[in-house]
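Biologist: I am new to this one, so could you show it to me and walk me through it?

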Amino acid sequence: HCTEFDGNAFLDLNILHPDGQFYKKEQILFLVEDNYKKPLKGKRKVNILNDVHKMNVNSANAFLKVLEEPAPQNVFMLLTTNVNALLPTIKSRCQIIKFSPLSRSEIKSYLIDKKGYDTEKAKLVSYLGHGSMEGILDLDFEAFMEKRQKIFDILNSLLTGRGSEEVLLDLYKRSRSREKFVEYFSELVNLLSLM
């Protein structure tokens with residue numbers, strides 16, 4: 001079973017992620033339908049929902065059906081970084097277990113010892129984790145460094161006044177699409193916070 005878990009091939013384990021910005025109702029309806037099916041290999045079926053705070057009202061209401069009448073062989077693990085974003089009706093049906101985030105030194109040590117990062121790279125990348133390894137291991141470090149350099153260039157332009165018109169014009173062009181602008185601006189702020 002452990003080998004199948006590692007290869008994401010264990011038939012009684014479902015790991016779900018939001019489809020885009022939110023969970024889609026269809027993803028949750030799959031759990032509703034699957035709720036009454038017996039496990040194929042193990043004694044229980046385990047359903048792990050990552051970023052469960054990204055359920056919209058429709059998907060959350062569909063999920064309530066499963067939480068109100070779960071089959072005895074099912075286990076649901078709802079993972080979130082914001083328990084307050086869950087509907088009260090979902091929270092009231094769950095046992096809440098809090099985990100502490102990893103420290104930057106724990107992330108840094110792991111990257112050095114297990115992944116072979118050099119000390120400076122591990123130190124920089126450990127700031128990106130926000131207490132979690134998720135996303136760090138898939139990080140394109142070269143692309144990150146290019147973005148970081150772009151931030152330095154933007155700051156330099158704004159501070160010196162040279163090229164600031166281009167920076168402001170670029171921000172104006174991006175503001176036409178709210179989602180893209182918010183994504184871009186959030187990334188800028190996150191990179192600035194690392195500096």
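Biologist: Happy to start with the sheet: in what order do its strands lie?
Modeller: This is a predicted model. It holds an open sheet of three strands with parallel pairing. Strands β1 (13-16) and β3 are the edges, each pairing on one side only. Neighbouring strands are turned against each other by 10 degrees on average, direction ignored. The order is β1-β2-β3.

Biologist: Which residue in β2 is the bridge partner of asparagine 14?
Modeller: Strand β1 runs parallel to β2 (residues 45-49), and four bridges join the two. In β2, the partner of asparagine 14 is asparagine 47.

Biologist: Is leucine 159 buried or exposed?
Modeller: Leucine 159 sits in helix α7 (residues 141-160). Its relative accessible area is 73%. Exposed means over 50%, so leucine 159 counts as exposed.

Biologist: Which residues make the nonpolar surface patch of about 280 Å²?
Modeller: Leucine 159, exposed as we just saw, is one of the residues in this patch. The full set is Leu155, Leu159 and Leu192.

Biologist: Where is confidence lowest in the protein chain?
Modeller: Across the chain, the mean pLDDT is 84, and 99% of the residues reach 70 or more. Confidence is highest in strand β3 (residues 74-78), at 92. As a friendly reminder, predicted coordinates should not be read in detail where pLDDT is low. The lowest mean, 74, belongs to helix α9 (residues 178-194).

Definitions and conventions. Residues numbered from 1 in each chain as written. Predicted model: local features only at pLDDT ≥ 70, side-chain atom pairs only at ≥ 80, totals over all residues. Heavy atoms only, no water. Patch = residues over 30% accessible without salt bridge, like charges linked within 9 Å, V, L, I, M, F, W, Y side chains within 5 Å. Areas by Shrake-Rupley, 256 points an atom, 1.4 Å probe, with all protein chains shown as cover. Salt bridge = Lys/Arg side-chain N within 4 Å of Asp/Glu carboxyl O. Buried < 20%, exposed > 50% of the residue type's maximum accessible area, 1.4 Å probe, protein only. pLDDT = per-residue confidence, 0-100. Pairing = 2+ DSSP bridges. Axes fitted to C-alpha atoms, helices over the stretch in contact; angles between N-to-C directions.
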